[in-house]
Amino acid sequence: MTEIDDNPIDDPLTDPNPLAVAELDPRQLADELGDEGLGLGTKPKSFGRQTLEGFLRHRLAVVGFVTLTTIVFLSLFASRLSPYTFSDINIADRALGPSRAHPFGTDDLGRDLFVRIFDGTWISLKLAFIVAIVSTAVGTVLGALAGYFGRWVDGIITQIINLLLVVPGLVVLIVFAIKFRSTYIQVALVISILSWIRIARIVRGQFLQLKELEFVQAARASGAGPLRIIFRHLIPNVMGPVLVEITLTASAAIILGATLSFLSLGVQPPTPELGNIINEFKGSIDSRPSRVLIPGFLLMAIAMSLNFMGDGLRDALDPRTRKVRQ
Amino acid sequence: MFAYAARRLMATIPLLILASFLIFWTVNEIGDPRDKLAACATCDQSAYDRLVDLYELDKPVVIRWGSWLGNIAFHGDMGTALSQGEDPVKPIVITRTKNTAMIAIPAFLTIVILAVALSVYSAIRQYSLSDYTITALSFAGIALPTFVLGLFLQVLWGIWIQDWLGIKPFYVTGKHTASFGDLVSSIVLPVITLSAVFIGAESRFGRSAMLEIINADYIRTARAKGLPERRVIFKHALRNALIPFITIWALDFAALLGGSVITESIFSWPGLGPIFLTAITGQDIHLIMGIVLVVSMMAIGFNLIADLLYGVFDPRIRYD
């Protein structure tokens, strides 16, 4: 059978081919042919299966996936595994460095930082997830409408996009954040105001090409209405690039969310979030740098994992870089 | 080409006006500046009335926006900044833009030089150890939040290096102008912080642009006719790979000149970023609008310049 990544967590630096632009290894190919053959009896692999295998062949993408999963599990279970909660105050144990009882130390009120930081990570992750969902939904639908109907529909949507591109992004976010900040859901919605644009442009571009193809004409000839054509026939065809864009949007969103919180314009304390944790401890960075560097490192690890996964998906979905094997 | 440029600019003006109204309206929604004035202990009733009158705070938002726009359009007057002791907005924005340019221009040069060097190096040594190192570092640069990098550099140079080596080569906050050396030493860390993300993103982009061209037929031709490799890479490949960079450089340069809220705040640099935050929290509408206007116009201008340069460097593109 197919040999997929027996050692996925390889060091990317010594890894012979982390970008995995799939090259045919003749030996491996011979093995596979020996097993399966290329005869007519061979069952073709489904699109999803091919994509999954392409993704798994991309070492960095697998590293990203494993890292992200680990962080998600840690942030889900940190408060359940630990005897402390994110708001337990214990003045006797205040401002401790890392120790066995408190792996990341404690803050100035004696709250356990391991639980606090991972609870914050969980909020950051949820924020990024909401941004990804909202901007994908809005971006796909608006991009689809603009691309499919053209004319004035396209005109209005393109002008809205241009309008949002004229003013600098952080300015818009800050203005809205001042008005709506407080819960992570509101912050996520503020970030979504801008992040749907990229997806909408990509979907629109794809639709402009796809709507001229024969299968759309065939669907129209057999009596399908515009909504059915858009949602049943066209949107499934653009899910590839959109999927790549979702990971990149989530990665940008988690950093933007933390940036807003760092400026005290995002998720408000006492709710922990990676950005506001860093903001809280930036004053004591010289005495206890780990309090800032650990959440900073987590942010970077999450964003990087998502970028790696996006890169892997792009390669896996691109038929030009995919190993041709039916 | 000039007709094209003029038409593009004309098309942007209504958008800019609409955007300015939306921002004016949104800022107005944040809260009523009169609440802040009324709470002010040192202000008496006459001072309050004067400010309400000056900023037309008792009038509807459309009227206030209209008179702001009219003053700019007919008198070039950007108003006065409530949060800066009612100083006129224009000189504030000009000084701040100059300060921002002082770190934006060196940052831009660093970005351009490093991104091109890393792209070429990565591409001609594809799949080598150094290619992977550069790729990993670029991804890290993109994913590292600016404020984490800034804080880290401050601790590294302000505390750790000093503890280990007993020297403190760079200022970690503020703008020091006593001598040229002081100025250079105070811009180094903000410049590194500003550049990191851009270098990461641009070298990723440049690597794939360069790879695409290195595998093109005309490069094989150039090699086949016996040109030295150096000439093939730098004259035939790099020149073409730089064309798509034009747009990116224009957008990035505009973004840098627009000021960085994060980097400038962390390093206490007196640029556009920190004063924008002050203006927002002080509900200083004229200053907010002034900064937004300048920053947006730079973005639009550089975007247009990029599109025009594209036509100069790539003769296949024609504007009409």
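**Helical architecture, salt bridges and a nonpolar surface patch**

The secondary structure of chain A comprises 11 helices and zero strands, and the succession of elements from the N terminus is accordingly written α-α-α-α-α-α-α-α-α-α-α. The description that follows refers to a predicted model. Of the 326 residues in chain A, 49% are buried, while the surface that chain A exposes amounts to about 15,500 Å², with carbon and sulfur atoms supplying 64% of this area. Among the contacts in chain A that have a separation of 6 or more, 73% are accounted for by residues lying 24 or more positions apart.

Helix α4 of chain A, which spans residues 113-149, contains 37 residues and extends 53 Å from its first C-alpha to its last, a value close to the 54 Å expected at 1.5 Å a residue. The residue that follows α4(A) is A:Gly150, for which the computed phi is positive, near 60°. A further helix of chain A, α7, covers residues 184-210 and includes A:Ser192. With a relative accessibility of 5%, A:Ser192 falls under the 20% limit and is therefore classed as buried. When residues up to four places away in sequence are left aside, A:Ser192 is found to touch A:Val131 and A:Val134.

Side chains of opposite charge can pair when their charged atoms come close. Over all chains, the structure holds eight salt bridges. One of these is formed between A:Glu280 and A:Arg116, whose closest N and O atoms are 3.9 Å apart. This pair links distant parts of the chain, since A:Glu280 is located in helix α10 (residues 274-281) and A:Arg116 in helix α4, with the two positions 164 residues apart in sequence numbering. The two partners also fall into separate accessibility classes: A:Glu280, at 35% relative accessibility, counts as partly exposed, whereas A:Arg116, at 2%, counts as buried.

Salt bridges are likewise present in chain B, where B:Asp217 pairs with B:Arg220 at a distance of 3.6 Å between the closest N and O atoms. Both residues belong to helix α9 of chain B (residues 217-224), and because they are three residues apart in this helix, B:Asp217 and B:Arg220 are separated by about one helical turn. In contrast to the buried A:Arg116, B:Arg220 is exposed, as is B:Asp217. Another salt bridge of chain B joins B:Arg223 to B:Glu229, with 2.9 Å between the closest N and O atoms. In this case B:Arg223 has a relative accessible area of 36% and is partly exposed, and B:Glu229, with a relative accessible area of 40%, is also partly exposed.

Apart from these charged pairs, chain B carries a nonpolar surface patch of about 470 Å², made by B:Met1, B:Ile305, B:Leu309, B:Val312 and B:Phe313. Of these contributors, B:Leu309 is placed in helix α14 of chain B, which runs over residues 285-313. B:Leu309 has a relative accessibility of 34% and hence counts as partly exposed; this value also lies over the 30% threshold that a residue must pass to be included in such a patch.

Note on methods:
Residues numbered from 1 in each chain as written. Chains lettered and ligands numbered in written order. Predicted model: local features only at pLDDT ≥ 70, side-chain atom pairs only at ≥ 80, totals over all residues. Heavy atoms only, no water. Salt bridge = Lys/Arg side-chain N within 4 Å of Asp/Glu carboxyl O. Helix = DSSP H or I, 4+ residues; strand = E, 2+ residues; numbered from the N terminus. Buried < 20%, exposed > 50% of the residue type's maximum accessible area, 1.4 Å probe, protein only. Patch = residues over 30% accessible without salt bridge, like charges linked within 9 Å, V, L, I, M, F, W, Y side chains within 5 Å. Areas by Shrake-Rupley, 256 points an atom, 1.4 Å probe, with all protein chains shown as cover. Contact = heavy atoms within 4.5 Å. Expected span 1.5 Å × (residues − 1).
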